[in-house]
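Dear colleague,

I am passing on the structure we spoke about, with the sequence alongside. Please look it over first, and then read the notes below with the model open.

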2 protein chains.
Amino acid sequence: MNNVIGLRCIHCGKELSAKPGLYTCPACGPRDGILDVVYDYVKIKRSVPLERVVHSKDYSLFRYLPFLPVEPSTPRPQLRVGLSPLYRAANLGEALCLNHLYVKDDGQNPTASLKDRASVIAVMKAVEEKMTTIACSSTGNAASSLAGNAAAMGLKTFIFVPGRAPQGKVAQLLIFGANVISVQGSYSDAFQLSAQAIERWGWYNRNAAVNPYLVEGKKTVALEIAEQLDWKAPDWVAVSVGDGCIISGVWKGFQDLYKVGWIDKLPKLLGVQSSGCSPLADAVQENRPWHPVEENTIADSIAVGVPRNAEKALRAVRESHGTMVAVSDEEILGAMRLLGRSSGIFGEPAGVTGLAGLRTLVKQGRIGSEERVVAIVTGNGLKDVKNAINAAGEPIKVEPSMERLVVELKKLQLP
Amino acid sequence: MNNVIGLRCIHCGKELSAKPGLYTCPACGPRDGILDVVYDYVKIKRSVPLERVVHSKDYSLFRYLPFLPVEPSTPRPQLRVGLSPLYRAANLGEALCLNHLYVKDDGQNPTASLKDRASVIAVMKAVEEKMTTIACSSTGNAASSLAGNAAAMGLKTFIFVPGRAPQGKVAQLLIFGANVISVQGSYSDAFQLSAQAIERWGWYNRNAAVNPYLVEGKKTVALEIAEQLDWKAPDWVAVSVGDGCIISGVWKGFQDLYKVGWIDKLPKLLGVQSSGCSPLADAVQENRPWHPVEENTIADSIAVGVPRNAEKALRAVRESHGTMVAVSDEEILGAMRLLGRSSGIFGEPAGVTGLAGLRTLVKQGRIGSEERVVAIVTGNGLKDVKNAINAAGEPIKVEPSMERLVVELKKLQLP
C-alpha cells in the first residue's frame with residue numbers, strides 16, 4: 001500500500017482514506033458507490049526505475065508490486081499467478097486479416113483463468129485485515145481462483161455458484177476444500193445470497209465489483225502486455241465482458257503505465273459480449289443507458305444479466321475511444337476452433353469471446369490489417385469440456401484393426 | 001544437435017550416428033532396441049557457462065538448449081513449454097511429516113501436462129526431418145500435447161487413443177484440429193494400431209518409448225528442478241510411472257547436470273504406480289523381471305499394462321538407489337484432495353500418484369522428515385473432472401433464500 005493515496009468514488013468523485021472494511025462509498029451506497037484505488041504516480045515515477053521491473057527475477061504479477069494495493073510484507077499464497085505468455089499469433093492473424101495479432105493466454109494461470117490475478121490480491125487483503133474466511137459469488141472462475149489461492153494461504157472459503165456452473169469449475173472448488181453453495185437460480189440470485197451471508201457472518205468479501213482491490217489485481221494483465229511488447233502499447237486490446245471488472249482492470253493497468261510515463265500512448269479497448277447476454281454491448285451500440293437482460297449464452301463466465309461494474313466498464317471503453325460488440329454463441333464456438341487449430345491454445349467460450357468480436361470489427365473495417373492487436377484469452381477450455389465437444393465434434397471410432405481403420409479413413413478422405 | 005555425439009542402444013550398447021528415421025537399434029529391433037541420446041559433456045562443460053542459463057531471458061525449456069537434441073535454428077512452436085513453477089509446499093509437507101517438501105506443478109504447461117516437454121521436441125524433430133504429419137498413440141496427455149504443439153507449428157496429426165480416454169483430453173485433441181482415432185480396446189491395442197498406421201503412411205512417430213528424442217524433452221523437468229533449487233539436487237524425486245518414459249527422462253536430466261558438474265550429487269528416484277496396474281512396481285518389490293498385467297485403475301495416464309520403456313525406467317530406479325511402490329486408487333484420490341486443500345494445486349489422478357507413494361515411503365521410514373523431497377505433479381486435474389468429483393464430493397445445493405441457507409449450513413455444522 002506504500003504508493004496508495006486513497007480510494008475515489010467513481011459515482012460522486014469523493015476521495016476517502018483506505019481502511020479495513022471500506023469497500024464502497026458510504027454516501028453513494030454499495031450499488032453505485034464503487035471505489036477506485038488512487039496511487040501516487042509522482043512518487044512511483046520518482047522511486048521505481050523501469051529497469052527494476054525489467055530485470056526482476058519474480059516471474060509472477062508481483063514484479064509489479066509498486067502498482068499493487070498490498071503491503072510488501074504481507075504473506076503471499078505460494079502460487080505463480082500472472083506473467084502468462086503473450087504469443088505472436090501469425091496463423092491466427094492470417095485467418096483474421098491481422099498482420100500484428102498477439103494472444104495473451106491467461107488460461108495459463110494456476111487455476112486456469114485470469115481471475116487468479118484478483119484472487120491473489122483478495123487473499124492478501126483478507127490476511128492484512130486479519131480475516132480467516134473469504135466468500136464470493138461467481139459464475140465459476142472467480143470462485144475456483146479464490147478457493148485455490150485461499151487453500152494455498154490456509155484460509156477458509158464459502159463460494160456461491162449459480163446452479164448452471166460447469167462441472168469442471170465446481171470440481172476445482174471442491175478439490176480446493178471450499179464450502180460450495182450451489183444456488184438453484186441465476187447468477188444474480190447467487191450474488192444476492194452471498195451478499196446477505198457475508199453481511200450476516202462477517203466474512204471477507206471477494207465479490208469483485210464491490211471490492212476495489214480486485215481490479216488492481218486484474219490490471220496486471222495490461223502491465224504484462226505492455227512489458228511483453230517492450231513498453232509499446234498495442235492499438236487495440238480485445239477482451240470479453242461480463243460483470244465489467246476485467247475490462248476496467250485492463251484500462252486501469254494501461255493508465256497506470258501511461259501516468260508514470262512507461263508507455264506513451266493508450267490502446268483502444270474492444271469489449272465483447274455474447275448476444276445471448278449483452279446489456280453493455282447493446283447500450284454502447286444503441287448509445288443509451290444499459291438495462292438488465294436475460295442470461296442466455298454458452299459463455300457462462302460472462303453470462304451476467306445485471307453487470308455489477310457496468311459504469312466502470314463503460315467509462316473504460318469510452319475513455320479509450322474503443323467500442324463494444326456482441327457475437328453469437330456460434331461465433332464463439334467458431335473462435336474456439338480457430339484458436340485451437342491455428343495456435344494450439346484451448347480457450348473456454350467466455351475466454352475467446354473477445355477474439356470472436358475482433359472478427360466483427362475487422363469485417364466492419366474498424367480495425368485495419370496493420371494495427372497491433374492483442375486478444376486476451378481469459379480462461380482455459382478444460383473448464384468447460386461439454387462446450388468444447390460442441391465446438392469440435394466427436395472422434396473417429398474404430399475397432400482395433402488396420403482393415404477397419406483404412407475403411408473409416410477412406411470414408412473421410414483421409415489421410 | 002550441436003552437442004549430440006550419437007545414439008546408444010540400451011540393450012546391446014552399440015553406438016550409432018543420429019540420422020533421420022533412426023529411432024531404434026536395427027540389431028535389437030523396435031521392442032528391445034531403445035536408443036539413448038549421447039551428448040559431448042566435455043564440450044558442454046567447456047562451452048556453456050552455468051551463468052548463461054541462470055541469466056537466460058527464455059522462460060521456457062529452451063533455456064537448456066545445449067542439452068537438447070535439436071538444431072538451434074529449427075523453428076519452435078509458439079507455446080511456452082516448461083519452466084513450470086516449483087513450490088515450497090509447507091502445509092502439505094506438514095501433513096506428510098516432511099519438512100522440506102517441494103511440488104513441481106507440471107500441470108501448468110500449455111496443454112496442462114508434462115508431456116508438452118516431449119511433444120515440443122517431437123514437433124521440432126519432425127520439421128527437421130521435413131515431415132508434415134505426426135502420429136502417436138496415447139492415453140491422452142501425450143496426444144493432447146502433440147496436437148497442441150503441432151497446431152502451433154502448422155503440422156497435421158493422427159492420434160490414436162484408447163476408448164476409455166477421459167472426455168476432457170479428447171476434447172482438447174479435437175479443438176486442436178487433430179484427426180482422432182478412438183480405438184475400441186486397450187492402450188496396447190491403440191499402440192499397435194498406431195504403429196501399423198505409421199508404418200503404412202510414413203508419418204513421423206511420436207510414440208515416446210520408441211522415439212529416443214522425447215525423453216530428452218522430458219528430462220528438462222529435472223534440469224528445472226535443479227535450477228529452481230539453486231543447483232542442489234534433492235534427496236528424493238517422486239513421480240508416477242506408466243510407460244516408464246518420464247522417470248527415465250528425470251534420471252537423464254539429473255545425470256546430464258551431474259556429468260557437466262552443475263550438481264554434485266544425484267537424487268534417489270521414487271517411481272509410483274497404481275496397484276490396479278503396477279507391473280514395474282511389483283517387479284521391483286518382488287525383485288523379479290516384470291510381466292504384463294491388466295489395466296485396472298482410475299489413473300488413466302499411467303494405466304499401462306505393457307510398459308514400452310520398462311528397461312530404461314527400471315535401470316533409472318536401480319542406478320539412483322531409489323525404489324518403486326504401488327498405491328491404491330483410494331490413496332490416489334486422497335492425494336488429490338490433500339494436494340488441493342493444502343496447496344491450491346489440482347492434479348489429475350496419475351498426476352498425483354507420485355505424491356501418494358511418498359506417504360507410503362515416509363510411513364515405512366524409508367524417507368526421513370529432514371530429507372529434501374520433490375513430488376512432480378505431471379498433469380492438471382481439469383483433464384479428468386469425473387474423478388475429481390469422485391475425490392471431492394458434491395456441492396451444497398440450496399434455493400436462493402437466506403432461510404434455506406441457514407438451515408442447510410446448520411445441518412453441516414457450518415460456518
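A convenient place to begin is a single pair of residues in chain B: in strand β3(B), the bridge partner of Arg8(B) is Asp36(B). Please keep in mind throughout that this is a predicted model, and that what follows is computed from it.

That pair belongs to a set of five bridges that join strand β1 (residues 4-9) of chain B to strand β3 (residues 35-39) of chain B, the two strands running antiparallel. Strand β1(B) also has an antiparallel partner in strand β2 (residues 15-16) of chain B, to which two bridges join it, and here Leu7(B) stands opposite Leu16(B). Between β1(B) and β2(B), which form a hairpin, there are five residues, and Gly13(B) in the turn has a positive phi of about 85°.

Turning to chain A as a whole, you will find 17 helices and 14 strands. The C-alpha trace of chain A spans about 75 × 45 × 45 Å along its principal axes. Its radius of gyration is 21 Å, which agrees with the value near 22 Å that a compact globule of 415 residues would have. Buried residues account for 60% of the 415 residues in chain A, and of the contacts between residues at least 6 apart in sequence, 71% join residues at least 24 apart.

Within chain A, six strands form an open sheet with mixed pairing, in the order β4-β5-β13-β10-β11-β12. Its edge strands are β4 (86-88) and β12 (323-327) of chain A, each of which pairs on one side only, and the twist from one strand to the next averages 25°. Inside this sheet, strand β10 (residues 236-240) of chain A runs parallel to strand β13 (residues 372-377) of chain A, joined to it by three bridges, with Ala238(A) standing opposite Ala375(A). Helix α15 (residues 349-363) of chain A lies across β10, β11 (268-274), β12 and β13 of chain A, and runs at about 115° to β11(A).

How are the two chains related? A rotation of 180°, with 0.0 Å of shift along its axis, superposes chain B on chain A with an RMSD of 0.0 Å, and that is the relation of a two-fold axis. The contact between them takes 69 residues from chain B and 69 residues from chain A. On the side of chain B that touches chain A, helix α7 (residues 167-175) of chain B gives the most, with seven residues, and the residues of that side divide into 37 nonpolar, 24 polar and eight charged. Because 100% of the interface residues of chain B are also interface residues in chain A, the copies meet through the same surface.

The chains also share strand pairing, since three bridges join strand β14 (residues 396-398) of chain A to strand β8 (residues 179-183) of chain B, the two running parallel. In this pairing, Ile396(A) stands opposite Ile181(B).

Helix α7(B) deserves a second look, and one may ask why it is largely enclosed by the rest of the structure. Eight of its nine residues are buried, each with 20 or more other C-beta atoms within 10 Å of its own; among them are Val170(B), Leu173(B), Leu174(B) and Ile175(B), and also Lys169(B) and Gln172(B). What covers these buried residues comes from both chains, and includes α14 (329-343) and α16 (385-392) of chain A together with α6 (141-153), β7 (156-162), β8 and α16 (385-392) of chain B. After α7(B) comes Gly177(B), whose phi is positive, near 80°.

One last residue to find is Pro77(A), which lies in the loop between α3 (50-54) and β4 of chain A. Pro77(A) is buried, with 24 other C-beta atoms within 10 Å. The C-alpha atoms of Pro77(A) and Gly154(A) are separated by 8.7 Å, although the two residues are 77 residues apart along the chain. If its neighbours within four places in sequence are left aside, Pro77(A) is in contact with Val120(A), Val123(A), Asn149(A), Ala152(A) and Met153(A), and, across in chain B, with Gly344(B).

With best wishes

How values were computed
Residues numbered from 1 in each chain as written. Chains lettered and ligands numbered in written order. Predicted model: local features only at pLDDT ≥ 70, side-chain atom pairs only at ≥ 80, totals over all residues. Contact = placed C-beta atoms within 7 Å. Helix = DSSP H or I, 4+ residues; strand = E, 2+ residues; numbered from the N terminus. Nonpolar A, V, L, I, M, F, W, Y, C, P; charged D, E, K, R; others polar. Pairing = 2+ DSSP bridges. Rg over C-alpha atoms; globule rule 2.2 N^0.38 Å. Buried ≥ 20, exposed ≤ 12 C-beta atoms within 10 Å, placed from the backbone. Least-squares fit on C-alpha atoms with pLDDT ≥ 70 in both. Axes fitted to C-alpha atoms, helices over the stretch in contact; angles between N-to-C directions.
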